[in-house]
Amino acid sequence: MTRERAPDAYVNSVLPPVYYSASYYFDHAEHVRTGLHEKSEPAGRYGRYSNPTWLDVERRLNELSGAESSLLFSSGMAAHFTTFLALLSADSEVVLPAESYRQVRNVFKEILPKFGVRVHEISIRDPSAFVQRLAQLADRVGLVHLEMPSSPHMYLIDVEQVRAAVGPDTVITLDGSFAPPPNFHALRWGVDLVLFSATKYLSGHGDIVAGVLSGRQDLVERVRWYRDTTGAVADPHTAFLLRRSLDTLPLRMERVNAQGLAVASYLEAHPRVSQVYYTGLPSHPHHKLAEHYLAGHGGVVTFELGLTEQETAAVVDRLQIPYMASNFGAPQTLVEQSTFFTYFEYDDAGLRDIGVDRSTVRLACGYTVDVEHIIADLEQALPRR
Ligand code: PLP
């Protein structure tokens, strides 16, 4: 049987097709020379290196973040880990916020030190103390990793001050999973590379796990080599689902921004809620930073009830609408009691370290649920006024 490939018939398809091929052929030896050796004309080669469906998503991600270049990964963690692996070496010193996502912290505390990376963990609860400490370390540190807003308290960082403190040559990476554009444009504020768990708002349907890196071309190229080599790539169907979702991102963010603010305002006015963490409320400790950096505050609201862990669990159990599940940005409303879920392995000292109380609840509004229903559900579940 001879090689056979039918020409594409439906080139007028409104959506570009999804490419599932594991490899891409060259027409003849000269094509290998121009397409592979010289790269003077576009040519696919092998599915771990490139895929037209990813390339389409990555173009859209450039537009979304105002980035020179973007890479798609198999998960948010793969995006983080591959980036750090590419940019750090045995003598590197890095800074990371103590309040970063638990698994990112694990990468810095448990994995990277095995390869000689020295990690300085600093709390961001006091934003000026964070910048001051950073300025003291500036001469030694080659990379600063930020996360903003942080979970569960939605703490923010004065990114411009961070850039001023470390100077132009230190690489700043930022995990913006809780505030993608249009809420926050990290690259406009001196950040070199922005990372996202695309599992969250970017995909927004709770149906894929994926990660994204966007930013400076020279740095992205260094990371690309590590992605190509180690293979933390997303499959084409995942790329297709993310591409579909990016069209509705601004609409979904507008909706959850309104939901989040309504739920946070309701909770703050409730006499049995002791503390609400929502950057859109003036009571948030970093509200001033929020006014400067954020155009919206998202659909995740964290609150404390001033109860024991068991009493708090009983309140969460009474909720009828949210699924008890870890995620946000999905169509469904999700709830997690922080010390039962994300931080269940932490002891009291560990919880004190990151400032998480045992009555902390994180509610992620789902954009398919009317906010009045979410509030009515909270009203029946919370202790009587
Ligand atoms: N960063 C943040 C802030 C997250 O919340 C998560 C996941 O929960 C990640 C990164 C990791 O992303 P993924 O679950 O897509 O690997």
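Which polar atom of a side chain lies 2.9 Å from the backbone nitrogen of Gly366? In this predicted model, that atom belongs to the side chain of Thr333. Thr333 is placed in the loop between strand 10 (323–324) and strand 11 (334–337). With a relative accessibility of 1%, Thr333 falls under the 20% limit and therefore counts as buried. A loop residue that is buried thus provides a convenient place to begin a tour of the model.

The ligand comes next. The ligand sits in the second largest pocket, and 13 residues surround the ligand. Of these, Met77, Asp175, Ser197, Thr199 and Lys200 come nearest. Sorted by class, the shell around the ligand holds four nonpolar, six polar and three charged residues. Helix 3, which spans residues 76–87, gives the most to this shell, with three residues.

Several polar contacts can be followed atom by atom. A polar side-chain atom of Lys200 is found 2.8 Å from an oxygen atom of the ligand. The backbone also takes part: a polar backbone atom of Gly76 is 2.9 Å from an oxygen atom of the ligand, and a backbone N or O atom of Met77 likewise lies 2.9 Å from an oxygen atom of the ligand. On its own, the ligand has 390 Å² of accessible area, and the protein covers 87% of it.

Away from the ligand, the backbone offers some details for a newcomer to look up. Most residues other than glycine have a negative phi, and most peptide bonds are trans. Against that background, two cis peptide bonds can be described here. One joins Ser151 and Pro152, with omega at about 5°. Pro152 is located in the loop between strand 4 (143–147) and helix 6 (159–166). Another cis peptide bond joins Pro181 and Pro182, where omega is about 10°. Pro182 belongs to the loop between strand 5 (171–175) and strand 6 (193–197).

The loop between strand 4 and helix 6 also contains Met154. Although Met154 is not a glycine, its phi is positive, at about 60°. Is Met154 buried or exposed? Its relative accessible area is 4%, so Met154 is buried, the limit being under 20%.

Lys39 likewise has a positive phi, of about 55°, without being a glycine. Lys39 is found in the loop between helix 1 (29–37) and helix 2 (52–65). Its relative accessibility is 61%, which is over 50%, and Lys39 therefore counts as exposed. The two residues can be set side by side: Met154 is buried, whereas Lys39 is exposed.

A final stop is His237, a residue of helix 8, which runs from 236 to 246. The relative accessible area of His237 is 36%; this value lies between the 20% and 50% limits, so His237 is partly exposed. Where along the chain is Tyr19 relative to His237? The two are 218 residues apart along the chain, yet their C-alpha atoms are separated by 8.6 Å.

Notes
Residues are numbered from 1 along each chain as its sequence is written. This is a predicted model: local features need pLDDT of at least 70, side-chain atom pairs count only at pLDDT 80 or more; totals for chains, interfaces and linings use all residues. Side-chain values use heavy atoms; hydrogens and water are left out. A residue is near a molecule or strand if one of its heavy atoms lies within 4 Å of it. A polar contact is a pair of N or O atoms within 3.5 Å; within protein, one must be able to donate a hydrogen and the other to accept it, and residues adjacent in sequence count only if both atoms are side-chain atoms. Accessible areas come from the Shrake-Rupley method with a 1.4 Å probe; for residues, only the protein chains shown count as cover. On a 1 Å grid over the protein atoms alone, a cavity is a set of points where a 1.4 Å probe fits but cannot get out, and a pocket is an open set with protein on both sides within 12 Å along at least five of seven lines; lining residues have an atom within 4 Å of a point. A molecule sits in a cavity or pocket if more than half of its atoms lie within 2 Å of its grid points. Helices (H or I, at least four residues) and strands (E, at least two) are DSSP runs, numbered from the N terminus. Ala, Val, Leu, Ile, Met, Phe, Trp, Tyr, Cys and Pro count as nonpolar, Asp, Glu, Lys and Arg as charged, and the others, Gly among them, as polar. Buried means under 20% relative accessible area, exposed over 50%, partly exposed in between (1.4 Å probe, protein chains only).
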